Amino acid sequence: MARGRDERWNELDHRALLTAYKPAYKNMLVLKADMVRTLRPRIAFEETFEKAVDRWSGGQYDHEYPESFEQFTSRTNEALDDLVDAAHEHVVVVTSAGPVCWTAAHLTAGGSLDAWKHFTLAAVNTGVTRITIDRHGPRLLTFNEFTHLEGAGLVTNR
């Protein structure tokens, strides 16, 4: 059994996205204070993060990020392609919501940014996503299964 670490499956740098969007967010207490002031912190964070992602994915400010959106999506696609080409019967990838959601958007919606955002809003911590590979290539079989968490009250987002 082959084992190893493939850094192409690493999560995006959410702090870099937030601080490029609003430099004051280098201090996470400022971010938290801004969110609490809205009286609906979760929704406020999702709106702020979506604006930060829009800025990042637009490509105009690539020089302000350690990794551009294009680099993130390319490395994730390449990691998936290499798994498909390796032709192992079973592979387990342990990663985070960003790469999982991008892979789901890539496989179901041709890499649509809107699809990726939609998947990220639905992602649950430790959700299980399954991909099958047939003669047509990789296909999303399930996304974000979390029945293993439900009975214990362990379902969390972000």
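When I say contact today, I mean heavy atoms within 4.5 Å of each other. With that in hand, here is a first number for our protein chain: among its contacts with a separation of 6 or more, 55% join residues that are 24 or more positions apart. Please keep in mind throughout that this is a predicted model.

Let me start with the overall picture. The chain has seven helices and two strands, and along the sequence they come in the order α-α-α-α-α-α-β-β-α. If you box in the C-alpha atoms along the principal axes, you get roughly 50 × 45 × 30 Å. There are 158 residues, and 28% of them are buried. The chain exposes about 10,200 Å², with carbon and sulfur atoms supplying 53% of that. For those of you who like charges, there are 18 positive and 22 negative ones, and their mean positions sit 7 Å apart.

Now, on to the inside. In soluble globular proteins, nonpolar side chains tend to be buried together. Here the largest nonpolar core has 22 residues, and the ones touching the most other members are Leu 12, Leu 17, Trp 56, Phe 72 and Trp 116. Which elements give two or more residues to this core? They are α1, α2, α3, α4, α5 and α6.

Let's take Phe 72 from that group. Leaving aside neighbours within four places in sequence, Phe 72 is in contact with Asn 10, Leu 12, Trp 56, Glu 67, Gly 98, Pro 99, Trp 102 and Trp 116. So which of the residues with the most core contacts does Phe 72 meet here? Leu 12, Trp 56 and Trp 116 are on both lists.

Trp 116 brings us to helix α6. Its buried residues are Ala 115, Trp 116, Lys 117 and Phe 119; yes, a lysine is among them. What do the buried residues of α6 pack against? Their partners are α3, α4, α5 and the strand β2, which runs over residues 137–145. The N-terminal end of α6 has a cap, too: a side-chain oxygen of Ser 112 lies 3.3 Å from the backbone nitrogen of Asp 114.

Next, helix α3, where I'd like to show you two residues. The first is Phe 49, which sits in this helix. Beyond its neighbours within four places in sequence, Phe 49 is in contact with Leu 12, His 14, Leu 17 and Leu 18. Its C-alpha atom is 8.9 Å from that of Tyr 21, although the two residues are 28 apart along the chain.

The second is Arg 55, also placed in α3. Is Arg 55 buried or exposed? Its relative accessible area is 18%, and the cut-off for buried is under 20%, so Arg 55 counts as buried. What does its side chain do there? The side chain of Arg 55 makes a polar contact with the side chain of Glu 64, at 2.7 Å. Outside the four-place window in sequence, Arg 55 is in contact with Ala 20, Tyr 21, Tyr 61, Glu 64 and Tyr 65.

Let me step over to helix α1, residues 14–21, which holds Thr 19. This threonine is at 17% relative accessibility, so it counts as buried as well. The side chain of Thr 19 reaches the backbone oxygen of Ala 16 at 3.4 Å. Not counting residues up to four places away in sequence, Thr 19 touches Tyr 25 and Lys 26.

For another view, go to Asp 81 in helix α4. At 41% relative accessibility, this aspartate is partly exposed. From its C-alpha atom to that of Leu 18 is 29 Å, with their positions 63 residues apart along the chain.

Last stop, the loops. Most residues other than glycine have a negative phi. Where should you look for positive values here? One is Leu 39, with phi near 70 degrees, in the loop between α2 and α3. Leu 39 is exposed, at 77% relative accessibility. Another is Thr 126, with phi near 65 degrees. Thr 126 belongs to the loop between α6 and β1, and with a relative accessible area of 53% it counts as exposed.

If you take away one picture, let it be this: a largest nonpolar core of 22 residues, with two or more residues coming from each of α1 to α6. Thanks, everyone, and I'm happy to go back to any of these residues on the screen.

Methods
Residues are numbered from 1 along each chain as its sequence is written. This is a predicted model: local features need pLDDT of at least 70, side-chain atom pairs count only at pLDDT 80 or more; totals for chains, interfaces and linings use all residues. Side-chain values use heavy atoms; hydrogens and water are left out. Helices (H or I, at least four residues) and strands (E, at least two) are DSSP runs, numbered from the N terminus. Buried means under 20% relative accessible area, exposed over 50%, partly exposed in between (1.4 Å probe, protein chains only). A polar contact is a pair of N or O atoms within 3.5 Å; within protein, one must be able to donate a hydrogen and the other to accept it, and residues adjacent in sequence count only if both atoms are side-chain atoms. A nonpolar core is a set of buried Ala, Val, Leu, Ile, Met, Phe, Trp, Tyr and Cys residues joined through side-chain atoms within 4.5 Å. Accessible areas come from the Shrake-Rupley method with a 1.4 Å probe; for residues, only the protein chains shown count as cover. Lys and Arg count as positive and Asp and Glu as negative; His and the chain ends are not counted. The place of a charge is taken as NZ of Lys, CZ of Arg, CG of Asp or CD of Glu.
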